[in-house]
Amino acid sequence: MKIISISKDKKHLNKITLSSGEELLIDTDVCIDKKLSCGAGLDEALLGEIKYESEYKRAKSRALWYLDRMDYTEKALYQKLVKAGFDKRAAAGVMGWCVEFGLVDDRRYAERFAERCAQNNISKKE
């Protein structure tokens, strides 16, 4: 398979048209890292790797955007990413990264939730 054209689509995405007629939206940084250019040949393995890296990078960016606005449990953030249309494998990879760097911590989330309930006089019965 060959790359027929590469054009800027959105802010951080490039639209890549392949000789098979397939069109992909690939993160600009991935295009640069993989040195993608018109006429370049791609095998199925490399194409899969490019798709995954782009999806992972976009899901990671979205996860950081979500976390900037509020805390999430690991499961809730994963579900939010999948619901937003990201690949389950990429979302799971991003969750591993978030947990590794302490951006998502279920225990911390529960402690903060309990503190908010106590501050707002919310009891177990309410």
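Which residues is Ile 16 in contact with, leaving aside its neighbours within four places in sequence? Let us work through that and a few more exercises together.

The model is predicted, so local features need pLDDT of at least 70 and side-chain atom pairs count only at pLDDT 80 or more, while totals for chains, interfaces and linings use all residues. Residues are numbered from 1 along each chain as its sequence is written, and side-chain values use heavy atoms, with hydrogens and water left out.

**Exercise 1. Place Ile 16 and list its contacts.**

Step 1. Find the element: Ile 16 sits in strand β2, residues 13-18. Strands (E, at least two residues) and helices (H or I, at least four) are DSSP runs, numbered from the N terminus.

Step 2. Check the accessibility. Ile 16 has a relative accessible area of 2%, so it is buried. Buried means under 20% relative accessible area, exposed over 50%, and partly exposed in between, with a 1.4 Å probe and protein chains only.

Step 3. Collect the contacts, meaning heavy atoms within 4.5 Å. Leaving aside neighbours within four places in sequence, Ile 16 is in contact with Ile 3, Ser 5, Ile 6, Glu 22, Glu 23, Leu 24, Ile 26, Cys 31 and Leu 36.

Step 4. Add a long view: Cys 117 is 101 residues from Ile 16 in sequence, and their C-alpha atoms are 50 Å apart in space.

**Exercise 2. Describe the surroundings of Ser 54 in helix α2.**

Step 1. Helix α2 covers residues 44-69, and Ser 54 is found in it.

Step 2. Is Ser 54 buried or exposed? Its relative accessibility is 2%, so Ser 54 counts as buried.

Step 3. Beyond four places in sequence, Ser 54 is in contact with Leu 25, Ile 26, Asp 27 and Val 30.

Step 4. For Asp 27 there is a further detail: its backbone nitrogen lies 2.8 Å from a polar atom of the Ser 54 side chain.

**Exercise 3. Find the largest nonpolar core and the elements that build it.**

Step 1. Recall the term: a nonpolar core is a set of buried Ala, Val, Leu, Ile, Met, Phe, Trp, Tyr and Cys residues joined through side-chain atoms within 4.5 Å.

Step 2. The largest such core has 14 residues, and those with the most contacts inside it are Ala 63, Leu 67, Leu 77, Leu 81, Val 94, Cys 98 and Val 104.

Step 3. Two or more residues of this core come from each of α2, α3 (74-83) and α4 (88-100). The most come from α4, with 5 residues.

Step 4. Take Ala 63 as an example: apart from neighbours within four places in sequence, Ala 63 is in contact with Leu 77, Leu 81, Val 94 and Cys 98.

Step 5. A second, separate core of 11 residues includes Ile 16, Leu 18, Cys 31 and Leu 42. That brings back Ile 16, the buried residue of the opening exercise.

**Exercise 4. Work out how α3 and α4 pack.**

Step 1. Their axes are 9 Å apart, and the packing angle is about 145 degrees. Axes are lines fitted to C-alpha atoms, for helices over the stretch in contact, and angles run from 0 to 180 degrees between N-to-C directions.

Step 2. List the partners. From α3 come Glu 74, Leu 77, Tyr 78, Leu 81 and Val 82, which meet Lys 88, Ala 91, Ala 92, Val 94, Met 95, Cys 98 and Val 99 in α4.

Step 3. Sort the residues of this contact: 10 are nonpolar, none is polar and 2 are charged. Here Ala, Val, Leu, Ile, Met, Phe, Trp, Tyr, Cys and Pro count as nonpolar, Asp, Glu, Lys and Arg as charged, and the others, Gly among them, as polar.

**Exercise 5. Follow Asp 71 to its partners.**

Step 1. Asp 71 lies in the loop between α2 and α3.

Step 2. With a relative accessible area of 25%, Asp 71 is partly exposed.

Step 3. Setting aside neighbours within four places in sequence, Asp 71 is in contact with Tyr 109 and Arg 112.

Step 4. The side chains of Asp 71 and Arg 112 are joined by a polar contact of 2.6 Å. A polar contact is a pair of N or O atoms within 3.5 Å; within protein, one must be able to donate a hydrogen and the other to accept it, and residues adjacent in sequence count only if both atoms are side-chain atoms.
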